[in-house]
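Got your viewer open? Load the model, switch to cartoon, and keep the selection box handy.

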Amino acid sequence: MFSAFFLGSLYLERVLGYSAIDTGLAFLPLTACIAIMSVGLSAKAAERFGPLNSLAAGLASIVAGLVLLSTAGVHASYFPGLFFAFMLIGLGAGASFLPLLTMGMADAPARDAGLASGIINVSVQLFGAIGLASLGTVATDHTKSLSASGDSLVSALTGGYHLAYVVGAICVALRDPRGVHHTAPAVGHGATGGRRARERSSIASTQHPSPNWY
């Protein structure tokens with residue numbers, strides 16, 4: 001998410017020559033999809049299909065968007081390639097935020113709900129920054145390598161961004177959503193049933209995710 005914004009902005013401005021305003025407008029499909037999913041669609045999907053299935057679908061959409069971005073070349077047109085890439089990332093992010101929050105807080109006692117929510121939001125910001133730094137390093141190193149081998153600056157930059165998107169897509173694809181669900185051991189059927197009840201309650205009470213998730 002963070003990397004898509006950062007590297008996407010650099011790609012649009014340095015490779016395609018977009019202005020700052022054009023770059024902001026180019027991201028509208030991404031932000032609009034997140035907003036639309038946040039007004040209740042994500043909660044309804046998680047309630048109907050389960051947080052785990054909703055999260056898996058969201059991650060798959062993000063992977064598809066990143067893969068599509070990795071194919072955008074030096075002279076790529078905004079529509080349909082970039083438009084649908086940003087739209088897929090936005091849909092995936094909007095579908096993933098609420099299930100992540102729901103599963104992360106499913107086993108938290110009611111008295112610690114605020115603390116658990118704070119930890120989850122801080123974790124998102126922290127690991128988003130780590131991911132951005134890592135992918136930025138990957139893109140920079142590959143760009144330098146391509147430039148040293150004789151590629152033009154624009155071509156080298158594009159190659160660096162492409163590699164970063166591919167690495168990001170692989171990292172998302174290798175993430176097992178079930179690992180989030182196993183954050184606390186369940187003892188017997190009663191514990192599992194209680195956890196699911198808390199998940200449903202959490203979905204109902206978080207129709208609008210915290211702004212920190214954006």
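Here is a walk from the whole fold down to single residues.

**Before you click**

This is a predicted model, in which local features need pLDDT of at least 70 and side-chain atom pairs count only at pLDDT 80 or more, while totals for chains, interfaces and linings use all residues. Residues are numbered from 1 along each chain as its sequence is written, and side-chain values use heavy atoms, with hydrogens and water left out.

**Stop 1: the whole chain**

Colour by secondary structure and you get nine helices and zero strands; the helices (H or I, at least four residues) and strands (E, at least two) are DSSP runs, numbered from the N terminus. Read from the N terminus, the order is α-α-α-α-α-α-α-α-α.

Now turn on the surface. The accessible area is about 10,900 Å², and 67% of that belongs to carbon and sulfur atoms; areas come from the Shrake-Rupley method with a 1.4 Å probe, and for residues only the protein chains shown count as cover. Of the 214 residues, 40% are buried. Here buried means under 20% relative accessible area, exposed over 50%, and partly exposed in between (1.4 Å probe, protein chains only). As for contacts (heavy atoms within 4.5 Å), 77% of those between residues at least 6 apart in sequence join residues at least 24 apart.

**Stop 2: the largest nonpolar core**

Select Tyr 11, Leu 12, Leu 69, Leu 82, Phe 86 and Tyr 161 and show sticks: in the largest nonpolar core, which has 28 residues, these touch the most other members. A nonpolar core is a set of buried Ala, Val, Leu, Ile, Met, Phe, Trp, Tyr and Cys residues joined through side-chain atoms within 4.5 Å. Which helices give two or more residues to this core? Highlight H1 (2–15), H3 (28–49), H4 (51–69), H5 (78–105), H6 (113–148) and H7 (153–174). H5 gives the most, with six residues.

Centre on Leu 69. Leaving out residues up to four places away in sequence, Leu 69 touches Leu 82, Ala 85, Phe 86, Ile 89, His 162 and Tyr 165. Then select Leu 101, Met 105, Ala 108 and Ala 116, which are among the five residues of a second, separate core.

As background, nonpolar side chains in soluble globular proteins tend to be buried together.

**Stop 3: the rings**

Show Phe, Tyr and Trp side chains. There are seven aromatic pairs; rings (for Trp, the six-membered one) pair if their centres lie within 6.5 Å, and planes under 30 degrees apart count as stacked, over 60 as edge-to-face and the rest as tilted.

Start with Phe 27 and Phe 86: their ring centres are 4.7 Å apart and their planes at 40°, so this pair is tilted. The two are 59 residues apart, with Phe 27 in the loop between H2 and H3 and Phe 86 in helix H5, and so the pair links distant parts of the chain. Both Phe 27 and Phe 86 are buried.

Next, Phe 83 and Phe 84. Their centres are 5.3 Å apart with planes at 85°, so the pair is edge-to-face. Phe 83 is partly exposed at 24% relative accessible area, and Phe 84 is partly exposed at 33%. Add Tyr 78 and Phe 79 to the selection, and you have one aromatic cluster with Phe 83 and Phe 84.

Stay there and look at the backbone: the peptide bond from Phe 79 to Pro 80 is cis, with omega near 10°. Pro 80 belongs to helix H5. For context, most peptide bonds are trans.

**Stop 4: a few single residues**

Is Thr 23, in helix H2, buried or exposed? Thr 23 is buried, at 5% relative accessible area. Beyond four places in sequence, Thr 23 touches Ser 9, Leu 12, Glu 13 and Tyr 18.

Over in helix H1, pick Ser 3. Ser 3 is buried, with a relative accessible area of 10%, and its contacts, neighbours within four places aside, are Gly 8, Gly 131, Leu 132 and Leu 135.

Finish on Leu 88, in helix H5. Leu 88 is partly exposed at 25% relative accessibility. Leaving aside neighbours within four places in sequence, Leu 88 is in contact with Ser 61, Ile 62, Ala 64 and Gly 65. Draw a C-alpha to C-alpha distance from Leu 88 to Leu 59: 9.9 Å in space, 29 residues apart in sequence.
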